[in-house]
Amino acid sequence: MLKIENLHVSYGGIRALRGISLEVPDGKIVTLIGANGAGKSTMLRTITGLVKAESGSIRWNDHELLGQPTDRIIGTGIAMCPEGRRVFADLTVLENLKIGAYLRKDRAGIQEDLQSVYDLFPRLKERVWQMAGTLSGGEQQMLTVGRALMSRPQLLLLDEPSLGLAPLVVQDIFSIIKKINKQGTTLLLIEQNANMALRTADLAYVLETGNITMFGTGADLLADEKVKEAYLGKHKN
Amino acid sequence: MKRNRIPQFFIIVGAFLLLLAVVLMLDNVPGVPVMLLIVLRKGAIYALVAVSMNILNGFTGLFSLGQAGFMLLGAYTYAILTVPVENQALVYQRYPNGGIGFSVTESLGRVLGQPGLLLGVIICLILGGIVAGVFAYLIGLPVLRLKSDYLAIATLGFAEIIRAVVQYEKLGPITNGSNLLSNFTNFSNFHLGSLKLDTVMPFVFAGVCIWVITLIINSTYGRAFKAIRDDEVAAEAMGINLANHKRMSFIISSFFAGISGAMLAMYQASVQATIFKAAMTYEILLIVVLGGIGSISGSIIAAFLFVGSSEWWLRFLDNTTVLPNFNAKLLFAIIFAAIVVSIVFLVVYRQNKAQKSRPEAVGRGRKILSLKLSGVITLVVGTLLLLGDLRFLISPDLQVPLLRSGFRMVVFSIIVMIVVLFFSRGLMGDRELPDLFRTRHKRL
Ligand SMILES: Nc1ncnc2c1ncn2[C@@H]1O[C@H](COP(=O)(O)OP(=O)(O)OP(=O)(O)O)[C@@H](O)[C@H]1O
Ligand SMILES: [Mg+2]
């Protein structure tokens with residue numbers, strides 16, 4: 001279980017997170033929605049140690065993650081898909097996936113997981129030798145998710161996996177997210193597509209300018225008038 | 001891929017042995033042009049140092065310009081350790097009791113004969129690499145925090161400092177100050193029966209080193225280097241420790257630069273700090289860019305082409321040739337002006353285009369940087385040359401040299417600019433020689 005308490009993060013004076021507390025229970029899909037610049041990506045970057053926090057605590061299975069270097073944090077079973085399809089453009093699809101398993105030593109297990117990634121994304125299997133930079137946007141997004149799965153994480157952090165994808169592909173991505181979760185991975189999902197995210201998630205948080213303003217089950221928030229107005233683009237009538 | 005790796009390995013080893021046989025023959029058959037042998041020897045050494053630079057610049061994406069400094073460290077370490085004891089008084093004339101009082105190669109050679117001498121050379125080459133690597137380790141931590149351009153400047157500065165320190169009077173008893181180190185064990189000390197090994201040995205040493213580098217590049221470690229090159233943040237998010245990996249890449253690159261520096265000392269049979277100037281690093285950078293940033297075979301091919309051109313084929317450009325009459329001079333000036341103006345125009349045009357196109361297409365800062373660099377170089381070189389050659393309009397009896405000493409470097413600069421502007425991926429891009437035979441197979 002991931003438990004964040006009273007987390008403060010600033011970028012040289014700009015306060016991005018102002019005392020966030022949230023929990024990600026094991027085996028669940030938790031989503032974090034919020035407007036542009038609310039601090040969602042900052043939160044994931046802080047969990048993985050890419051950004052240093054000012055104060056607060058991030059506890060993961062009884063480890064304190066704050067202050068740990070990123071490679072140590074990734075080694076504890078957390079994987080992250082950064083925002084914006086950051087594939088290794090001049091490496092092949094296969095090499096990208098192998099980088100995902102960089103901290104692992106068990107060759108047999110890596111081969112197994114390679115197979116299960118191919119099962120989730122048959123498109124990637126057809127393109128193992130292709131340079132990742134030449135993949136289509138959707139394929140790149142699949143690759144970043146597959147790459148993160150290659151570390152066999154207990155907790156997977158996804159930053160806007162549906163960004164810029166066609167509606168049909170978005171559906172695919174979300175059904176894959178559910179599948180990954182069924183296979184036993186806990187997910188913390190950041191989304192602009194609040195509708196899909198709330199439908200998929202067990203629990204949801206709303207983040208507004210660095211503060212958590214709402215919390216509930218996905219279905220609760222989906223039905224909430226304020227959420228509808230602000231994030232689902234539906235007006236009261 | 002796994003399946004055809006083993007035959008491929010044997011093909012490469014076989015081809016290399018064949019190459020060695022040819023080189024050995026060239027070395028020992030009368031009538032082979034000396035220039036060819038020189039190009040082969042120096043080319044092998046430059047191939048190694050270019051590949052070592054490619055580890056950093058091509059595979060890890062760190063723009064470093066310290067290569068000459070690390071070569072110097074390797075060269076001096078090697079030379080100091082191998083000057084035979086009885087020659088030390090002669091070599092260190094200006095420093096009574098100079099020299100270290102022993103010689104690794106000599107001691108081993110006395111006990112074990114030729115094999116001992118060879119063992120000594122190998123040990124000292126490796127020590128040269130280790131000294132370079134240790135320095136890389138020490139300066140790595142502060143320097144590698146810097147971003148691209150600053151890293152280049154810092155490493156360039158480091159190389160210059162090393163060059164100055166080695167020539168420092170107080171270090172004279174060891175480094176011989178600003179004087180030549182010579183008389184140490186070199187390639188011509190080795191024979192196989194009556195066969196000379198002057199050219200084969202640099203090939204063997206460079207070949208083995210490059211093979212090791214290839215293994216590193218293709219290991220999980222090497223893959224992590226490439227990931228850092230492609231996207232630092234994503235690489236870090238995969239659990240790759242950036243500081244450690246960058247430093248490791250820096251150390252490996254410097255280690256092999258050190259070895260190549262030591263080989264250069266062996267090839268020249270003498271060594272002096274003054275040759276390891278920034279200009280040497282630029283030559284190596286040029287080879288890397290010409291061969292293709294991120295291609296090992298590209299660097300090797302380009303190294304031989306470069307050394308061949310600069311030592312042999314383009315030598316004539318440095319011989320002063322004077323234009324006969326006024327009309328020829330005028331024609332020359334006009335053509336020359338046209339060339340310079342059109343290159344400047346092209347540079348500016350390309351630069352504008354590059355900046356206007358989508359940001360992700362030009363995300364690679366180094367492309368823009370090299371465009372800017374080449375723009376500035378063209379402008380400066382072009383203007384200076386043009387001014388020089390237009391003087392004859394004022395005083396018609398002035399001699400206008402068509403070719404003159406230094407012209408070779410101008411031609412090189414122009415070649416580099418053309419490559420950077422139109423073939424920015426170099427000879428090979430980031431592909432390797434075997435890929436050329438495999439591409440079709442792969443696409444299907
Ligand atoms: N490196 C940085 N330096 C300074 N400010 C930053 C930096 N990174 C983010 N910020 C600021 O912190 C705030 C939160 O950014 P963050 O990237 O977390 O937003 P987000 O919720 O992920 O937004 P989006 O939905 O647009 O991705 C923004 O105001 C942003 O400008
Ligand atoms: Mg974001």
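The following conversation discusses a predicted model and the contact between its chains A and B.

Reader: Before anything else, what is this model and how are its parts numbered?

Author: This is a predicted model, in which local features need pLDDT of at least 70 and side-chain atom pairs count only at pLDDT 80 or more, while totals for chains, interfaces and linings use all residues. Residues are numbered from 1 along each chain as its sequence is written, chains are lettered from A and ligands numbered from 1 in the order in which they are written, and side-chain values use heavy atoms, with hydrogens and water left out.

Reader: How many residues does each chain give to the contact?

Author: Chain B gives 23 residues and chain A gives 20 residues; contact means heavy atoms within 4.5 Å.

Reader: And how much area do they bury between them?

Author: Chain B and chain A bury about 2100 Å², with 63% of it on carbon and sulfur atoms. Buried area is the accessible area (1.4 Å probe) that two parts lose on being put together, summed over both. In chain B, the residues losing the most area to chain A are R223(B), A237(B) and M238(B), together 31% of what that side buries.

Reader: How many salt bridges cross the interface?

Author: The rule finds two salt bridges between chain B and chain A. A salt bridge here is a side-chain nitrogen of Lys or Arg within 4 Å of a carboxyl oxygen of Asp or Glu. The side chains of E95(A) and K226(B) form a salt bridge, at 3.9 Å from N to O.

Reader: Which elements of chain B give two or more residues to that side?

Author: They are α10 (220–230) and α11 (232–237) of chain B, where helices (H or I, at least four residues) are DSSP runs numbered from the N terminus. The largest share, eight residues, comes from α10(B).

Reader: Changing topic, is K246(B) buried or exposed?

Author: K246(B) counts as buried because its relative accessibility is 8%; buried means under 20% relative accessible area, exposed over 50%, and partly exposed in between (1.4 Å probe, protein chains only). K246(B) is found in helix α12 (residues 242–268) of chain B. Not counting residues up to four places away in sequence, K246(B) touches L62(B), L144(B), I228(B) and E232(B).

Reader: Which residues come nearest to ligand 1?

Author: Of the 14 residues around ligand 1, those that come nearest are K40(A), S41(A), T42(A), E83(A) and Q192(A); a residue counts as near if one of its heavy atoms lies within 4 Å. A polar side-chain atom of S41(A) lies 2.6 Å from an oxygen atom of ligand 1, and one of E83(A) lies 2.7 Å from an oxygen atom of ligand 1.

Notes. Polar contact = N/O pair within 3.5 Å; in protein donor to acceptor, adjacent residues only side chain to side chain.
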